[in-house]
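The following exercises are to be worked with the sequence and the predicted model in view. Each task is followed by a stepwise solution.

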Amino acid sequence: MARKTYSEEFRRQAVELCESTPGATVRGIADDLGIVRGTLTQWLRELGTGKKTNADGTLTDSPVRKSASTTQHEGSLNESPDQELARLRARVRELEINERKVTTEGQVRWGGVLG
């Protein structure tokens, strides 16, 4: 099945609709828009304000939290260039270690079947 792609404008409007519609649920908005609930949830994490309009019109915190990577990226705006470089180098090391681990596990798992 082909993966659907949505424009940035559509994603932002879907997030705005979900956050601003009094009493709306992620499931209800996703169903209305014909998208997968998990997709809308991810957009809310990436693009949302973290606020939701209650049925009575008052604002409250959204049950969908911003993702850690989004929060880390926002926090990096206060870093000096040296701090950012150190953080990014540490992240690259972490990803390289994880990649080696996954590659090794895959060779062990599939090596016995195919070898």
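**Exercise 1.** Determine which residues of helix 2 are buried and how they are arranged about the helix axis.

*Solution.* Step 1: buried residues are those under 20% relative accessible area; in helix 2, Val 26, Ile 29 and Ala 30 are buried. Step 2: viewed down the axis of helix 2, these buried residues lie within an arc of 100°, so they line one face of the helix. Step 3: Asp 31 and Asp 32, on the other side of helix 2, are exposed. Step 4: the packing partners of the buried residues of helix 2 are helix 1 and helix 3. Step 5: after helix 2 comes Gly 34, with a positive phi near 75°.

**Exercise 2.** Identify the members of the largest nonpolar core and the helices that supply them.

*Solution.* Step 1: the largest nonpolar core comprises 12 residues, including Val 26, Ile 29, Ala 30, Ile 35, Trp 43 and Val 64. Step 2: at least two residues of this core come from each of helix 1 (8-20), helix 2 (26-33) and helix 3 (37-47). Step 3: for Val 64, neighbours within four places in sequence are set aside; Val 64 is then in contact with Val 26, Thr 41, Leu 44 and Arg 45.

**Exercise 3.** Describe the volume and lining of the largest pocket.

*Solution.* Step 1: the volume of the largest pocket is about 250 Å³. Step 2: among its lining residues are Arg 3, Tyr 6, Arg 11, Gly 34, Ile 35 and Trp 43. Step 3: sorted by class, the lining contains 4 nonpolar, 3 polar and 3 charged residues. Step 4: Ile 35 and Trp 43 line this pocket and also belong to the largest nonpolar core.

Methods: Residues are numbered from 1 along each chain as its sequence is written. This is a predicted model: local features need pLDDT of at least 70, side-chain atom pairs count only at pLDDT 80 or more; totals for chains, interfaces and linings use all residues. Side-chain values use heavy atoms; hydrogens and water are left out. On a 1 Å grid over the protein atoms alone, a cavity is a set of points where a 1.4 Å probe fits but cannot get out, and a pocket is an open set with protein on both sides within 12 Å along at least five of seven lines; lining residues have an atom within 4 Å of a point. Grid points are joined across faces, edges and corners, and a volume is the space filled by probe spheres set on the points. Ala, Val, Leu, Ile, Met, Phe, Trp, Tyr, Cys and Pro count as nonpolar, Asp, Glu, Lys and Arg as charged, and the others, Gly among them, as polar. A nonpolar core is a set of buried Ala, Val, Leu, Ile, Met, Phe, Trp, Tyr and Cys residues joined through side-chain atoms within 4.5 Å. Buried means under 20% relative accessible area, exposed over 50%, partly exposed in between (1.4 Å probe, protein chains only). Helices (H or I, at least four residues) and strands (E, at least two) are DSSP runs, numbered from the N terminus. Contact means heavy atoms within 4.5 Å. The arc is that of the directions from the helix axis to the C-beta atoms.
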